[in-house]
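Visitor: I would like a close look at one part of this assembly, namely the places where its chains meet. Please take me through them with some care.

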Protein chains: 4
Amino acid sequence: MATSVNRAEAQLTLDLALAVVEAARQRADEIGVPMSITVLDKGDILVAFARMDGAWFGSIDIAQNKAYTARTFDMATKDLALLAQPGAPLYGIEASNLGRLIVVAGGIPLKLGDRIVGAIGVSGGSAEEDHDVAQAGVAAL
Amino acid sequence: MATSVNRAEAQLTLDLALAVVEAARQRADEIGVPMSITVLDKGDILVAFARMDGAWFGSIDIAQNKAYTARTFDMATKDLALLAQPGAPLYGIEASNLGRLIVVAGGIPLKLGDRIVGAIGVSGGSAEEDHDVAQAGVAAL
Amino acid sequence: MATSVNRAEAQLTLDLALAVVEAARQRADEIGVPMSITVLDKGDILVAFARMDGAWFGSIDIAQNKAYTARTFDMATKDLALLAQPGAPLYGIEASNLGRLIVVAGGIPLKLGDRIVGAIGVSGGSAEEDHDVAQAGVAAL
Amino acid sequence: MATSVNRAEAQLTLDLALAVVEAARQRADEIGVPMSITVLDKGDILVAFARMDGAWFGSIDIAQNKAYTARTFDMATKDLALLAQPGAPLYGIEASNLGRLIVVAGGIPLKLGDRIVGAIGVSGGSAEEDHDVAQAGVAAL
């Protein structure tokens with residue numbers, strides 16, 4: 001895999017985004033759960049997407065929302081989920097941002113070195129499986 | 001800072017709104033938390049906005065929602081939050097007004113003398129930090 | 001490239017969709033125009049997407065609209081564009097389907113044998129360049 | 001005006017965005033037309049906004065759409081307007097991107113050196129006046 005990123009600029013190139021998608025896909029294959037996988041750049045703009053054969057149609061939108069949420073709050077949606085419970089400080093947060101937020105595990109910010117350059121969002125399995133597959137994508141950078 | 005308000009009319013001019021934003025920003029700088037700061041006028045219409053470097057993207061919409069909520073109910077969102085808890089009289093209120101309400105601290109009405117002229121909304125830190133920074137903005141009038 | 005399609009069913013697998021995207025991307029690289037490339041399946045559902053480095057943000061939505069339009073009418077958007085001109089039989093058609101149609105060249109149905117299995121949509125260059133790159137994607141099947 | 005941008009990174013800081021807004025506002029004052037002025041960063045995300053006293057309420061949304069359009073196509077909306085006329089290659093383009101596009105003069109990309117770092121959008125006067133005021137904002141960088 002060519003990785004044409006200029007690390008001085010820490011930008012998420014398409015090559016890198018596709019490497020993230022492929023790593024996530026391999027992990028999803030290993031656990032046998034078809035998923036939708038989205039990669040957004042640091043401005044929350046779509047770079048790459050893949051829906052594995054057999055993944056729920058509903059997973060497309062959820063994967064994008066998870067990536068959007070992770071970058072919008074610079075936090076894994078798994079962690080945000082805890083803060084958004086009844087009684088927790090961000091309860092109700094998902095009602096903001098025009099319906100694009102989702103406080104379910106499976107979204108994680110992407111970093112190059114210590115800089116956030118985007119986010120991955122995964123949907124199709126359980127919350128734990130989605131986070132696991134997203135983590136495999138993160139590890140590709 | 002020029003304050004070109006006509007006090008006879010008690011209107012929130014852009015100059016005043018920018019003074020509110022700047023005072024809030026200075027307080028946010030003091031506590032070291034980057035925030036989004038919104039000022040709406042008495043008709044709930046946007047006058048001024050600033051997103052500090054490093055503030056979560058998600059704080060933009062939430063700051064606007066907090067200011068909108070504060071002016072819509074003429075009440076600090078910190079106080080409205082108490083009324084919107086399960087069992088309290090306004091439980092569920094945030095489902096009204098087309099998704100523009102949020103019952104989290106950080107929104108406060110703005111007054112000139114005893115007249116409400118608009119509202120400030122702040123997001124980016126904890127609920128307490130957001131209220132503190134909004135209060136600094138209020139104090140600029 | 002593994003092509004795991006079951007030709008008896010003529011389904012567009014993710015592997016095939018990624019092969020279509022990659023072929024289009026190579027053509028776009030050849031002509032030196034960064035583009036967004038979308039592949040939808042026969043149900044008009046997103047399968048794969050890639051935005052090349054430097055492509056306009058606006059190309060993301062337009063590429064998806066072109067693919068949607070091509071599959072929705074089972075016709076290249078280049079041809080549909082002629083039918084949608086003032087005085088032609090489909091003038092105004094783009095106002096239907098909730099804003100998802102676009103009558104600009106760059107969308108083409110994808111076939112396996114004689115069966116339509118989806119569509120490709122390309123945006124980022126001129127209408128002619130977009131159609132050329134989409135055609136390169138079609139040729140990968 | 002402190003300009004805390006790190007030019008090596010070419011990022012649009014809040015200080016720079018406010019300088020752009022202020023320069024545009026001064027020009028609008030000179031020509032005597034109250035306007036709404038929006039600055040977005042390179043990811044099309046809101047950084048700063050000001051509505052001058054007396055500006056149409058409708059100018060708020062239009063200013064944001066103009067900035068969004070300018071960054072989405074990396075082109076002044078004045079130029080895009082020509083390409084979107086009946087018979088021109090991008091005719092109908094404004095129907096894409098979920099209603100956030102507007103092909104009216106007043107939106108211009110913002111650059112630091114040769115890199116696009118965001119966009120300004122201005123609304124409140126005639127198309128020519130809006131472009132003139134936006135240009136004054138661009139000149140502040």
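How many residues of chain A are in contact with chain D, and how many residues of chain D are on the other side?

Guide: In this predicted model, 6 residues of chain A are in contact with 6 residues of chain D, and the two chains bury about 440 Å² between them, 38% of it on carbon and sulfur atoms. The side of chain A that touches chain D is made up of 1 nonpolar, 2 polar and 3 charged residues, yet the rule finds 0 salt bridges across this interface and 0 residue pairs in polar contact with both members at pLDDT 80 or more. A turn of 180° with a shift of 0.0 Å along the axis lays chain A on chain D with an RMSD of 0.0 Å, and the two copies are thus related as by a two-fold rotation axis. In chain A, the C-alpha of A:G43 is the one nearest that axis, 2.0 Å from it. Since 100% of the interface residues of chain A are also interface residues in chain D, the copies meet through the same surface.

Chain D also meets chain B, with 19 residues taken from each chain and a buried area of about 1600 Å², of which carbon and sulfur atoms give 55%. On the chain D side, D:L14, D:L46 and D:R51 lose the most area to chain B, together 32% of what that side buries. The rule finds 4 salt bridges here, including one between D:R25 and B:D15, whose closest N and O atoms are 2.7 Å apart. Strand β2 of chain B and β2(D) pair in the antiparallel sense over 3 bridges, with D:A48 as the bridge partner of B:A50.

Note on methods:
Residues are numbered from 1 along each chain as its sequence is written. Chains are lettered from A and ligands numbered from 1 in the order in which they are written. This is a predicted model: local features need pLDDT of at least 70, side-chain atom pairs count only at pLDDT 80 or more; totals for chains, interfaces and linings use all residues. Side-chain values use heavy atoms; hydrogens and water are left out. Contact means heavy atoms within 4.5 Å. Buried area is the accessible area (1.4 Å probe) that two parts lose on being put together, summed over both. A salt bridge is a side-chain nitrogen of Lys or Arg within 4 Å of a carboxyl oxygen of Asp or Glu. A polar contact is a pair of N or O atoms within 3.5 Å; within protein, one must be able to donate a hydrogen and the other to accept it, and residues adjacent in sequence count only if both atoms are side-chain atoms. Ala, Val, Leu, Ile, Met, Phe, Trp, Tyr, Cys and Pro count as nonpolar, Asp, Glu, Lys and Arg as charged, and the others, Gly among them, as polar. Copies are superposed by least squares on the C-alpha atoms of residues with pLDDT of at least 70 in both. Two strands pair if DSSP finds at least two bridges between them. Helices (H or I, at least four residues) and strands (E, at least two) are DSSP runs, numbered from the N terminus.
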